[in-house]
Amino acid sequence: MVDMDKIVVGIIGMGDMGKMYARRISAAGWSVNACDKPEKYEALTQEFANNSSIRLYADGRLVSRSSDVILYSVEAEAIAHIVSLYGPSTKQGAIVGGQTSCKEIEIDAFRKHLPEDVQIVSCHSLHGPKIDPKGQPLVLIRERASDESFALVEKVLSCFGSKHVYLTAQEHDRITADTQAVTHAAFLSMGTAWHANNQFPWEMNRYVGGIENVKCNIMLRIYSNKWHVYAGLAILNQWAKKQIRQYAESVTELFKLMLGGHREELEKRIRTAGEAVFGTVGNQRELLLRDDVLDRYSLGNVPKKRTRNNHLSLLAMVDCWWKLGIVPYDHMICSTPPFRLWLGVTEYLFRKPQLLDEIIDTAIEDNTFRSDDLEFTFAARVGSAAVVLSLGAFHKS
Ligand SMILES: NC(=O)C1=CN([C@@H]2O[C@H](COP(=O)(O)OP(=O)(O)OC[C@H]3O[C@@H](n4cnc5c(N)ncnc54)[C@H](OP(=O)(O)O)[C@@H]3O)[C@@H](O)[C@H]2O)C=CC1
Ligand SMILES: O=C(O)C(=O)Cc1ccc(O)cc1
């Protein structure tokens, strides 16, 4: 029988997520041992001087030796190396998990470097460190653990109030490739395109208001996060390559149809994709996003008259889901806030027949967005090529 009062939670990696975990878990009454790299020991000790439930150590070996439930909250690309350093020192019978976004490589590292008596239960909070975890999905992966140990991890993490989702490492990686990887690829391409055209989109009338707000805000949010979070997901998740490549292909093919003025072919393709992805939703279910919400977070003054856009990035998203047989609603259980917003705006566009008609007309007749779309297409292609090359290099090494 586990004595709950004596359980110590260890956190290796006190970056944004590690600190959030340490603060919330200690606030829930658990003792926490934590560390980052040795050179950050002094600064962390000062930062947490007022929190007597968090004990800082100089390195992960000391945390591993003295903790019962240990979470690695480090860069995904470094997990194998870091577990190889501290894993062998893990306390006998302890339970180990991690917070990286790529579970197959993380679990491989645990299986390789942890002693056999150590149990493995991993997790992934599907939101950033500044978001209230209440109600957000928290994936739990029971890789090798007794019922009692699994229950203990769930009890510790229950302080977040998140929605627990039970998956295997492979199921997790396949779903996050469908949702996160391709969502990030789209927003990173938008940012690259705006940069290539020397534009701050929030300063331009045509990018203010409605769906354009979502594009600008989420693009900024993705660019303001740490680069390794998104690069890790795209490069280290073996399933992400296919999605990102298909997205780039969908962007390119749709853009060519627009440029060539092939209305019939374009319309047929868009409507077939829309029917495959949204056809079963039915009009009775409410839209995920409402107009007043779309306009609320404007970065500029919303113009009286909206500029028509062909929304290439969104059309390509639906085309990509259709080509890969992905039903995005099936992945809501394991979705991040940017994915839900992204699905919300694509759904908005496809379930408003007049808007979709207007988009198809714009795609063929209106040249306003052509140079932006050209840069967006380049960006999607270059991004996809980079992921394919780096993924190859990573998995060979
Ligand atoms: N940020 C987010 O929105 C989310 C992130 N994640 C995942 O969680 C993990 C942590 O992310 P996040 O907190 O944002 O990233 P951070 O970069 O803020 O945190 C990682 C921390 O681990 C430290 N670290 C590196 N090597 C060691 C080591 N040998 N021993 C101890 N600490 C070490 C890093 O130091 P240094 O910076 O010097 O390398 C850094 O402080 C990542 O795998 C990320 O993909 C999951 C969900 C959401
Ligand atoms: O809310 C956001 O911006 C995110 O999408 C944060 C995020 C980044 C990486 C993850 O593995 C999970 C969530």
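**Close-up views of the two ligand sites**

**View 1. Gln180 faces ligand 2 with a polar side-chain atom placed 3.3 Å from an oxygen atom of the ligand.** In this predicted model, two further side chains make polar contacts with ligand 2: an N or O atom of Ser101 is 2.6 Å from a ligand oxygen, and an N or O atom in the side chain of His124 is likewise 2.6 Å from an oxygen atom of the ligand. Taken on its own, ligand 2 has 340 Å² of accessible area, of which the protein covers 95%.

**View 2. Ligand 2 sits in the largest pocket.** The elements that contribute two or more residues to the shell around this ligand are E6, H9 and helix H14, the last of these spanning residues 337-350. In total, 13 residues surround ligand 2, and the closest are Ser101, His124, Gln180, Arg221 and Val229. By residue class, the shell of ligand 2 divides into five nonpolar residues, seven polar residues and one charged residue.

**View 3. Polar contacts of ligand 1 involve Lys40, Val74 and Ser101.** At Val74 the partner is a polar backbone atom, which lies 2.6 Å from an oxygen atom of ligand 1. Lys40, by contrast, contributes a polar side-chain atom, placed 2.8 Å from an oxygen atom of the ligand. Ser101, whose side chain also approaches an oxygen atom of ligand 2, has a polar side-chain atom 3.2 Å from an oxygen atom of ligand 1. Considered alone, ligand 1 exposes 890 Å², and the protein buries 88% of that area.

**View 4. The space taken by ligand 1 is the largest pocket.** Two or more residues of the shell around ligand 1 come from each of helix H1 (16-27), helix H4 (79-86), strand E6 (119-125) and helix H9 (227-236); E6 and H9 thus appear in this list as well as in the corresponding list for ligand 2. The shell of ligand 1 consists of 26 residues, with Met17, Asp36, Val74, Glu75 and Lys226 as the closest. Its residues divide into eight nonpolar, 12 polar and six charged.

**View 5. Confidence of the prediction, to be read alongside the contact distances.** The predictor assigns the complex an ipTM of 0.98 and a pTM of 0.93. For the protein, pLDDT averages 92, and 96% of the residues score at least 70.

Methods
Residues are numbered from 1 along each chain as its sequence is written. Chains are lettered from A and ligands numbered from 1 in the order in which they are written. This is a predicted model: local features need pLDDT of at least 70, side-chain atom pairs count only at pLDDT 80 or more; totals for chains, interfaces and linings use all residues. Side-chain values use heavy atoms; hydrogens and water are left out. A residue is near a molecule or strand if one of its heavy atoms lies within 4 Å of it. A polar contact is a pair of N or O atoms within 3.5 Å; within protein, one must be able to donate a hydrogen and the other to accept it, and residues adjacent in sequence count only if both atoms are side-chain atoms. Accessible areas come from the Shrake-Rupley method with a 1.4 Å probe; for residues, only the protein chains shown count as cover. On a 1 Å grid over the protein atoms alone, a cavity is a set of points where a 1.4 Å probe fits but cannot get out, and a pocket is an open set with protein on both sides within 12 Å along at least five of seven lines; lining residues have an atom within 4 Å of a point. A molecule sits in a cavity or pocket if more than half of its atoms lie within 2 Å of its grid points. Helices (H or I, at least four residues) and strands (E, at least two) are DSSP runs, numbered from the N terminus. Ala, Val, Leu, Ile, Met, Phe, Trp, Tyr, Cys and Pro count as nonpolar, Asp, Glu, Lys and Arg as charged, and the others, Gly among them, as polar. pLDDT is the predictor's confidence in each residue, from 0 to 100.
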